[in-house]
Every structure is written in C-alpha cells, then in structure tokens.
Amino acid sequence: MNIKNYINGQYLPPVFDKWLDNYNPSIGEIYGQIPNSSEEDVEKAYQAAADVFPKWSNTTLEERAIILSKIASLILEKLDVLAAAESKDNGKPISLAKAVDIPRAASNFQFFANAITQFSSEAHESVGLNAVNFTLRQPLGVVGCISPWNLPLYLFTWKIAPAIAAGNCVVAKPSEVTPMTAFLLGEICTIAGLPKGVLNIVHGLGTTTGQAIVEHPNIKAISFTGGTKTGAHIAKVAAPMFKKLSLELGGKNPNIIFADCNYEKMLATTVRSSFANQGQICLCGSRILVEESIYEKFKTDFIQKVSELKVGNPSENTTDIGALVSKQHLEKVKSYIDIAESEGGKILFGGNKVEVFNCENGYYLQPTIIEVQDNNCRLNQEEIFGPVVTLMSFKTDKEALTLANDVKYGLSSTLWTNNLNRTMQFSKQLQTGIVWVNTWMLRDLRTPFGGTKESGVGREGGFEALRFFTEPKNICIKY
Ligand code: NAD
C-alpha cells in the first residue's frame, strides 16, 4: 500500500515523485512505499500551516477541545485497524498496540482537549507602583514535530495534540521506518473537522525531510523525540536560528532492586520493564542492579520467567515479543550481544536470532540477559534499545547510587524498596528526569516528562507542553 503526505487536508504524492520502501518487519518484506519528501514538500506543508494559523489561533478553546476530543473518539473507534497497522509496520505484538499504543494516542488528544480549557496565564500586581502585569500565552505559529519509530502513533500524537491545542499549526514528520498510523491519522483529523492545514504530515528521511523542517526559517519550534546523536545535530542547526527546542532523547536506565522490596511484584514488573515492545522503549530498565543478598535468587527466578516469554508472530495474541523494527536495528542489537564476552560479560539467557514459523525472514531475537562485572563496559554505557538487559550486583546504597548515575544518560530510573528513607535519598540523588518507585511506566499525563544529561532538554506533558508551545508575553499597565 502506498501512503501519501497529508498537506492542507489532502493526501498528496511527493512533489518529485520519489519514494521509499516500507517494510513489514515480522516477515522482512516490503509492503508499500512512502514519500521521500523534499524541501519543496516541506515548504508546501509550511505554507498550508501558515495560511490557516491566523484562523486557528483565534478559534475558541471550546471549539479546539471539541475537535481534539472527536479525534480521540475516532482513534478509539478505529482501535482494531490502527493496532493492526501499527503492529504490521513496527513488528510489535498486536496485543500491545491494542492495549497501549493506540489507546494512549487517543488519551493524548483527550488529555490536551481538557488541558487547554484549564490552561491559564499569570498576573502580577506591582504593589506600590500602581501597575498591574498580566502575561499572555500566545501560540508560536508554525511548529515542527519529529518522532521516532518505537511508539509510532503514541509519540507522534504526544507532540501534535498539545501543539494544536495551544493554537499552533504543525508540520509533522513520523519516522520513515513506521509511517503508517501517522498516515491514517490524516483522514481521522479530516473527519473530526480539524481545519485544513492545521496539521500537515510529511513523510521521508530524517536527513532530508526532517532536516528541511529543522532548517525552515519560519518554523518557530522543534519538538523532537529520537536518538541523542540526532538531537545534538538538530540542536546545532536550530540553536543559531533561536528556535524553541524540546529534545527527548536516548536512555540507559537503571532498575535498582533492594532485598526489602515486594519481590513478586518486582519480578513481574522487571520482566516487562526489560522486554516490553522488544525492549524498544526509551524508558526500559536496561541495567538491572540487584542487592547482593538476593542476587542469585533473582538471577534464577528472572531467567525462569524470561524463558517463558513467547517470541512470535506479532499478529498472534499469545505473542509476548514480536519482531525488532528493522534488519539494520536487529544487526545493531546483535552486535552488542556479540561483544558481550570480550567485555567480560556472560550470556545467561538468549542471545540468538529466532526463526518464527511462517515468518522466517522476520527480525526476531531472543530476550537476552547478560551478566556484567564492570559498569564501564559498552553494554552498560551505550543505548542498545532492544531486548537485551544486563545484570550486576551491589552491596551498599552508595554503590547502587554510584552505579545508577555513572552513565551519560539521565532519562528514567526504577527503584524497588520498601524503605522510606532510602526512597527519599534515591529520589533526590538519582540523576534522571523520572524516578519510578515500586512501579514502572505508570504514566499520569499531567506530570513533567523528560530527561537530564544526554537524555534531552525540556519537558513534555501537562502544562509543561502547553508552555513549550506558547510564547509568554508580559503586558505592564500603569494606572
Ligand atoms: P532517530 O534519531 O534516528 O530518528 C528520530 C526521528 O528523527 C525520525 O523521524 C528521523 O527521520 C528524524 N531525523 C533523523 N535525522 C534527522 C535530522 N537530521 N533532522 C531532522 N530529523 C531527523 O531515532 P530513532 O532510531 O527513530 O528512535 C530511537 C531513539 O529514540 C532511541 O535513542 C530512543 O531512546 C529515543 N526515544 C526517546 C524517547 C524519549 O521520550 N526520551 C522516546 C522514544 C524514543
């Protein structure tokens, strides 16, 4: 199936009629083509967005909220179609797309439909000076949203919903690896009554289409989620143009397990936080640090549980682990497993590609557990972004904290303990934007979401996102 750009409410082929192959990773075959869009396509999208901006930015908050809610309902109505499309495009189990990706995409629109009606700005009375200040929060204009392949519709809408709720018009690019649900979103927006040009979706490569969005002189802000290297490049291009930037980047998150935790709950959650979505979630706890007194027991139990996970065809409901997103990504993940032994690591479970019945050319890998001795090894320092976790033991709180913080990334961390003092000490000292205690991936969309260190700059979520997509302007009135 060929997909098209969504510009000014219409599906259009790319200006220069250039196309890219789209793969189904579960069978390793091309199943369609996507536009390989040029600067000219981005310009068209920009123009459509700029033309409608005066109208959209003056649309009442109630009207915007009604349209966003309608988009949310239509996404839920099309749950089965969208989940099947996401699974086919990405390789993730259809059950996961149905339970998480698609409902969450709907929640993103519903959340910001509600949030925009509650968003307010500030007023300051300059006491003794007979003056009052109030702050306007005005939309920026045309903004760029660029998203990755791991949670395609979920992360795409996480940016678009607050951008349009705040009154901006958008030029958006999904990952070229997983463009399908973004393509389907166009039609949903049309049916929901989103005015033409408010959202424009341009498909293509990062280095050309994405780069054209970032370089566009009149696109005022870039909200980007993806790899740290790409984020650094985008910052370099956008910073001299003084664009607003939100960068949600890679992670190498610690999962710190103390003996005093609720063991069964921890074990079940750790299986999920290690291997959900084939380990391709920026929040996965890929470095498991376990207190020495329970290390051997944990190792045995964890291997047992992980050995029960079924790697299989993503469209089967019994599948726990589907295909990795691409051949290239499978090779990258496998290359880390291949260096494990030379790094002093020991593969405790997995490590091999899997041949799935009727899907022999798909990109499947066993969930893999590697025991390492030294946190400085590449396996513990570099983002692998696949179904691979490392295990290490620690003796003291201090050692656990040092190990947890000893990486260049700082996205999230998970802590398992029932000790309140320890919880507070770790919460204060962990160098990550998100700390989960006795849970993982529990998301409240009002909370600030984002990373520290090389995991990014800025926060998404709740009013933080609405603040990002608006410019504060202070008005000072003397009376
Ligand atoms: P990527 O950086 O390769 O690509 C992300 C997006 O950026 C894609 O749409 C791509 O086409 C585009 N892009 C690439 N080069 C560009 C350029 N020069 N200019 C503009 N756009 C460009 O990342 P990926 O491989 O798609 O995704 C995986 C990465 O995303 C991992 O590092 C993961 O940790 C990260 N991620 C982070 C979060 C978070 O919230 N922090 C969430 C999900 C994924």
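N130 is exposed, because only 10 other C-beta atoms lie within 10 Å. Here a residue is exposed if 12 or fewer other C-beta atoms lie within 10 Å of its own, buried if 20 or more do, and partly exposed in between, with C-beta atoms placed from the backbone. This is a predicted model: local features need pLDDT of at least 70, side-chain atom pairs count only at pLDDT 80 or more, and totals for chains, interfaces and linings use all residues. Residues are numbered from 1 along each chain as its sequence is written.

**Two positive phi values**

N130 sits in the loop between β5 (123–126) and β6 (131–139). Its phi is positive, about 55°, although N130 is not a glycine. Helices (H or I, at least four residues) and strands (E, at least two) are DSSP runs, numbered from the N terminus. F385 also has a positive phi without being glycine, near 65°. F385 lies in the loop between α12 (378–381) and β16 (388–394). F385 is buried, with 25 other C-beta atoms within 10 Å.

The table gives the C-beta counts for four residues discussed in this report.

| Residue | Place | State | Other C-beta atoms within 10 Å |
|---|---|---|---|
| N130 | loop between β5 and β6 | exposed | 10 |
| F385 | loop between α12 and β16 | buried | 25 |
| E248 | strand β11 | buried | 27 |
| Q278 | loop between α9 and β13 | buried | 33 |

**Domains**

The protein chain is divided into domain 1 (5–249 + 455–478) and domain 2 (254–437). These bounds come from an automatic or database domain assignment. The domain centres, taken over C-alpha atoms, are separated by 31 Å. Domain 1 puts 20 residues into the contact and domain 2 puts in 24. Two residues are in contact if their C-beta atoms, placed from the backbone, lie within 7 Å. On the side of domain 1 that touches domain 2, α3 (79–90) and α4 (94–118) are the elements that give two or more residues. There α4 gives the most, with three residues. By class, that side has nine nonpolar, nine polar and two charged residues. Ala, Val, Leu, Ile, Met, Phe, Trp, Tyr, Cys and Pro count as nonpolar, Asp, Glu, Lys and Arg as charged, and the others, Gly among them, as polar.

UniProt, in an unreviewed entry, places "domain: Aldehyde dehydrogenase" at residues 20–475. UniProt positions use the numbering given here, feature names are shortened, and annotations may be inferred rather than shown by experiment. The end C-alpha atoms of residues 20–475 lie 49 Å apart. That span is 42% helix and 20% strand.

**The ligand shell**

Of the 31 residues around the ligand, P148, G206, G210, G226 and T230 come nearest. A residue counts as near if its C-beta atom, placed from the backbone, lies within 6 Å of the molecule. The elements giving two or more residues to this shell are α7 (206–215) and α8 (228–238). α7 gives the most, with five residues. The shell divides into ten nonpolar, 17 polar and four charged residues. Both domain 1 and domain 2 give residues to the shell, so the ligand lies between them.

The buried residues of α7 are G206, T209, G210, A212, I213 and V214. Their cover includes α1 (39–56), β7 (142–146), β8 (169–173), β10 (221–225) and α8.

**The largest core**

The largest nonpolar core holds 139 residues, and A165, V170, V171 and I257 touch the most other members. Such a core is a set of buried Ala, Val, Leu, Ile, Met, Phe, Trp, Tyr and Cys residues joined through C-beta atoms within 7 Å. α4 gives the most to this core, with 13 residues. Domain 1 and domain 2 both contribute residues, so the core lies between them. A165 touches R64, L68, F112, A113, A115, I116 and L466, not counting residues up to four places away in sequence.

**E248 and Q278**

For "active site", UniProt lists E248 in an unreviewed entry. E248 belongs to strand β11 (residues 244–248). Leaving aside neighbours within four places in sequence, E248 is in contact with T225, G450, G451, G456 and E460.

Q278 lies in the loop between α9 (263–275) and β13 (287–291). Q278 and N262 are 16 residues apart in sequence and 25 Å apart in space, C-alpha to C-alpha. Beyond its neighbours within four places in sequence, Q278 is in contact with K92, I321, G322, L324, G386 and P387.
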